[in-house]
Amino acid sequence: MEASLYVVAVLVSSGLAVSVATWLWSHDLDRAARVFALMLSLYPLVGLFVVGEIVATDRTLAIAFFVLHAAVVAVIVPLWFLFAIRYTDRGHWLTRPRLLAFGGLLAVLAAIQLTDPIHGLVYEYAITTDPFHHVAATPTPLFPIFALFQTVPYLGAMGLLGYHAAVEAPAKRKRTLALIVGFLPPLFTVAGWNVGVIPGPLDGASNIASAWSLAFVAWAVFRYQLFDILSLARKRVFEDLRDPIVVVDPDRRILDVNRAAVGTFPALADADSAKLEERLPPIVEDDTIVQSFTDYGEESREFEVSISPLVTAGDTQGYGLVIRDVTAINRQIRDLKQQSAQLERFASTLSHDLRNPLNVANGRSELALETGDLSHLEAALDAQQRMGQIIDDVLALSREGRTIDEPERVRLKPVFEDAWASTATPSATEEIEPDADVVVYADPGRLQNVFENLIRNAVEHASPTADDGATDDEPSDDQPAGRDAAGVTITLGRHAEGFYVEDDGPGVPADERERVFEYAYTTEETGTGLGLAIVDAIASAHGWSVSMTEGSRGGARVVFSGVDIVEAGPEAVEEVPGVVTDGRESTG
């Protein structure tokens, strides 16, 4: 009766092993999972040979079955160690020479066990009927050496998994602990058999004990998707993608990163369990992962973030973040927009602005020929000079509107002061608010051009001879910059998203403020209307937006938003003609 129950238990545990191994092998798994499935597929062989040992009536046949299941077990334990190496991402240990040596060791162990009845190096064999018929194998003095090749791989595998669980992030730790707990029963079974608590063949007892172990591991596979999600995704997708990938838990603790993430953001190296905002600050704002951000490393780079919830058994265990470098794409988009705007401006110039003075020049030249009155030629020359001015200004607008691909760290204050020195008159007053002495990412030359145009515009249209309506006009060649201004004050200040320049002049009517940046908008007959159009083009080239509002003292305020500001005090940066070469603590 005891033998029958024992046989049934062995066969049930073997059937469970077959089921789990078959399920695993039916999926498209990585190498670690295939090693695991191969190891499980050997348990049914052990079970069948143990049953053969128990039911065999011939002594030689019973010993033969014992030798067979002992030889299979000698292979299972090293395979367990091989699986642990694969699972803990130490596959680089398994070089070809080492694999050949490993395979050779398995062959030698199996051969020694299979031939043991001949040389007797491992066991001395006898048949016992206590508590039922089976082979009683007594270890020889050389047995501990042979057993060492079983014990060391088993303990080594458990050690690797234990270390893996200790250093990995929480989500992985659960899966690894499931494996460790699932493979503890064989260790307890051996201990119980050695002290006589567990009867029958040792390998049969281990096979029965492994039934619970395998069921636990199978649950871990389904519950935590141990192989088909973790290993397969990591090996075939995660590590091979060129885009940085970061896996975080619901509290934004870093669980995993791929090689591309570490290469792009070195601070993510060895960042297990660290908060995402600690290692990559720009990606988190107000405790929320953003969908795009700019990283100011050695060069300014723009990124977009795709956020995917990682759901297991209906619960969100974390999020996968795919971070794409869109710097080049965004630059191309800005370039295309700028080119499209420039083409529209050129078309407008050819169809309207140049046509009018061209018609004047042609008409006056014909009149001079017909009448002989040379005064008509003076008007024709004026028209030609007007065309030359328009062409020069449109070319300037084209140059200034080119997208800025590599902005530098520039301090606003010295650039504004340089623009003031080259533009303003003695009667104008310069003011720079204390909080405006900041560092921005910009092209210093074109930023100075922005300030020069704004200062010139304010000085000219605060003049007693200027119209009450402001204009964005640049001066003509015969009109020097900076007509005498009636004490106009021009101020550089800062606001939450950038900076502004304002004056205390007559200001701009509210219904005209949206039009002042349009191409060819002017209130003067001799102007080309490109002063503030150039300001708008340069702002767009930086990726900024520009608008006009009423100043704090009733004048006009030109506001620049979307500016990348570097939060650094004067002591943290080096002034090199307005360009900063060190010290940065970026904010988007």
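User: What is the volume of the largest cavity?

Analyst: This is a predicted model, in which local features need pLDDT of at least 70 and side-chain atom pairs count only at pLDDT 80 or more, while totals for chains, interfaces and linings use all residues. Side-chain values use heavy atoms, with hydrogens and water left out, and residues are numbered from 1 along each chain as its sequence is written. A cavity is a set of points, on a 1 Å grid over the protein atoms alone, where a 1.4 Å probe fits but cannot get out, and a volume is the space filled by probe spheres set on the points, which are joined across faces, edges and corners. For the largest cavity, the volume is about 150 Å³.

User: Which element gives the largest share of the lining of the largest cavity?

Analyst: Lining residues have an atom within 4 Å of a point, and among the 18 that line this cavity, Leu 454, Asn 457, Ala 458, Asp 503 and Ala 556 are the closest to its centre. Two or more residues come from each of helix H17 (444–461), strand S14 (498–503) and strand S16 (556–561), where helices (H or I, at least four residues) and strands (E, at least two) are DSSP runs numbered from the N terminus. The largest share, 4 residues, comes from H17.

User: Are H3 and H4 roughly parallel or roughly antiparallel to each other?

Analyst: Helix H3 (residues 59–87) and helix H4 (residues 96–114) pack at an angle of about 160°, with axes 8 Å apart; axes are lines fitted to C-alpha atoms, for helices over the stretch in contact (heavy atoms within 4.5 Å), and angles run from 0 to 180 degrees between N-to-C directions. Angles under 35 degrees count as roughly parallel, over 145 as roughly antiparallel, 65 to 115 as roughly perpendicular and the rest as oblique. H3 and H4 are therefore roughly antiparallel.

Definitions and conventions. On a 1 Å grid over the protein atoms alone, a cavity is a set of points where a 1.4 Å probe fits but cannot get out, and a pocket is an open set with protein on both sides within 12 Å along at least five of seven lines; lining residues have an atom within 4 Å of a point.
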